[in-house]
Amino acid sequence: MEVQKVNYRLTQFLLKRKETYQDVWTNTNRSLTVVTAFSISGKFPKGSVSNIRTPESYKVWMSVYKYLKNPLIIYTDSKMFAEFFTELRNNSAFTTQIIMFSRDELWSFLIKPQIAKLYSKPGYPKHYPNTYLPEYTCMTHSKLTLVAKAIDSKLLASDYYSWIDLGYFRDVSSRKKYFYLEVPNDFDNSKVGVNQVYDVPLKNVSARSIILGNKNWIGGGIFLGKPDILKKFESQYKNRVMYYLSLQLMNVEQHILYSMYTAEERKKNPITVEVQPYLPVPGKQTVLSGDPWFYLGFLMYNENTNASYRS
């Protein structure tokens, strides 16, 4: 199925004018396209059955994207949210692409029946919603694929791309200040930037214990990298998801990533793309300092949009 742009008033207006995006930040650390997606069906439990998230919650959190100055590509399978984003981003329309997609286009959703069958087995650990809602698992596995699609589309081409969860900046959604996201000066272009959320062993730990035990090393809320590196990373990741599924092991992206980078798993399946884990540094202040789940994104966050940048 061919991916199509949403045909709403604003988008049509831009198409008629044949405006194209020009990256004025090429060869700087501000040449960064953000990719995200919204594909949620109703309410779901997060962490426990008593903590319920709803589409309305995400609408509040997503309001921060009105103020993001970077080019933004948004994938959604919801007409309602496509309309919401169209209005939200109408102040920066030339740097926004809203793309409707079908879950059937993505390999991560094609394996949903196998994941559902596995999760329904008696005794398979229940972690909400990770191993409770198969579609939630599938959506986490689609993040890197959507980034690869965005890169291939060349709709908003830039030197760097970053996947960022829609709820990532929830704690600053009330600030109402414009901001850029900028690649950190110490970023290694041969790697993929991620948040390190726990200091845990990578030796003497098995993929089975990680996936079934819901153990974390790095988060899945943000991925940062050069286009070619991210595409290789996606291919490597997909390979590992299918491998673990063949072993009757499955969970969300964070636990697949932890598993594949352990010493034991590296011996079986050598890594082609390394990650660059970022963790809070004492004395290095960010807008939301100290939370390892969000550190990299807020290290990149710059409200002083006229500030100098690395060239």
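This passage describes the overall make-up of a predicted model, followed by the packing around one of its helices and the surroundings of several individual residues.

The chain contains 11 helices and 12 strands, and of its 311 residues 54% count as buried. When contacts between residues at least 6 apart in sequence are considered, 78% of them join residues that are at least 24 apart.

Helix α6, which spans residues 134-153, takes part in two helix packings described here, one with α5 and one with α8. Helix α5 comprises residues 112-119, and its axis lies 9 Å from that of α6, the two helices packing at an angle of about 130°. That angle makes α5 oblique to α6, and the crossing of the two helices is right-handed. On the α5 side the contact is made by Lys-112, Ile-115, Ala-116 and Tyr-119, and these residues meet Pro-134, Glu-135, Thr-137 and Cys-138 of α6. Sorted by class, the residues in this contact of α5 with α6 are 5 nonpolar, 1 polar and 2 charged.

The second packing brings α6 against α8, with the axes 9 Å apart and an angle of about 145° between the helices. In this case the crossing is left-handed. Helix α6 contributes Thr-140, His-141, Leu-144, Thr-145, Val-147, Ala-148, Ile-151 and Asp-152 to the contact, while α8 contributes Pro-227, Leu-230, Lys-231, Phe-233, Glu-234, Tyr-237 and Val-241. The residues of the contact between α6 and α8 divide into 9 nonpolar, 3 polar and 3 charged.

Thr-137, a residue of helix α6, has already been named as part of the contact with α5. Its relative accessible area is 0%, and Thr-137 is therefore buried, the cut-off for this class being under 20%. Apart from neighbours within four places in sequence, Thr-137 is in contact with Ile-115 and Tyr-119, and also with Asn-130, Met-250, Asn-251 and Val-252. Of these partners, Val-252 is 115 residues away from Thr-137 along the chain, yet the C-alpha atoms of the two residues are separated by 4.9 Å.

The loop between α5 and α6 includes Pro-129, and the peptide bond that leads from Tyr-128 to Pro-129 is cis, with omega near -5°. At the other end of α6, the loop between α6 and β7 holds Lys-154, a residue other than glycine whose phi is nevertheless positive, near 55°. Lys-154 is exposed, because its relative accessible area of 62% lies over the 50% required for that class. A positive phi, of about 65°, is also found at Gln-248, which is likewise not a glycine. Gln-248 lies in the loop between α8, residues 227-246, and α9, residues 253-260, and with a relative accessibility of 38% it counts as partly exposed.

The loop between α6 and β7 (160-164) also contains Ala-157. Ala-157 counts as partly exposed, since its relative accessibility is 40%. When residues up to four places away in sequence are not counted, Ala-157 touches Tyr-21, Asp-23 and Thr-33. The separation of Ala-157 from Asp-23 is 134 residues in sequence, whereas their C-alpha atoms are 7.3 Å apart in space.

A further loop residue, Asn-70, is located between α2, which covers residues 55-62, and β5, which covers residues 72-76. Although Asn-70 is placed in a loop, its relative accessible area is 0%, so Asn-70 is classed as buried. A polar atom of the Asn-70 side chain lies 3.2 Å from the backbone oxygen of Leu-32. Leu-32 is also among the residues in contact with Asn-70 once neighbours within four places in sequence are left aside, the others being Arg-30, Val-34, Arg-89, Thr-95, Phe-179, Tyr-180 and Leu-181.

Note on methods. Residues are numbered from 1 along each chain as its sequence is written. This is a predicted model: local features need pLDDT of at least 70, side-chain atom pairs count only at pLDDT 80 or more; totals for chains, interfaces and linings use all residues. Side-chain values use heavy atoms; hydrogens and water are left out. Helices (H or I, at least four residues) and strands (E, at least two) are DSSP runs, numbered from the N terminus. Buried means under 20% relative accessible area, exposed over 50%, partly exposed in between (1.4 Å probe, protein chains only). Contact means heavy atoms within 4.5 Å. Axes are lines fitted to C-alpha atoms, for helices over the stretch in contact, and angles run from 0 to 180 degrees between N-to-C directions. Angles under 35 degrees count as roughly parallel, over 145 as roughly antiparallel, 65 to 115 as roughly perpendicular and the rest as oblique. A crossing is left-handed if the near helix is turned anticlockwise from the far one by less than a right angle, and right-handed if clockwise. Ala, Val, Leu, Ile, Met, Phe, Trp, Tyr, Cys and Pro count as nonpolar, Asp, Glu, Lys and Arg as charged, and the others, Gly among them, as polar. A polar contact is a pair of N or O atoms within 3.5 Å; within protein, one must be able to donate a hydrogen and the other to accept it, and residues adjacent in sequence count only if both atoms are side-chain atoms.
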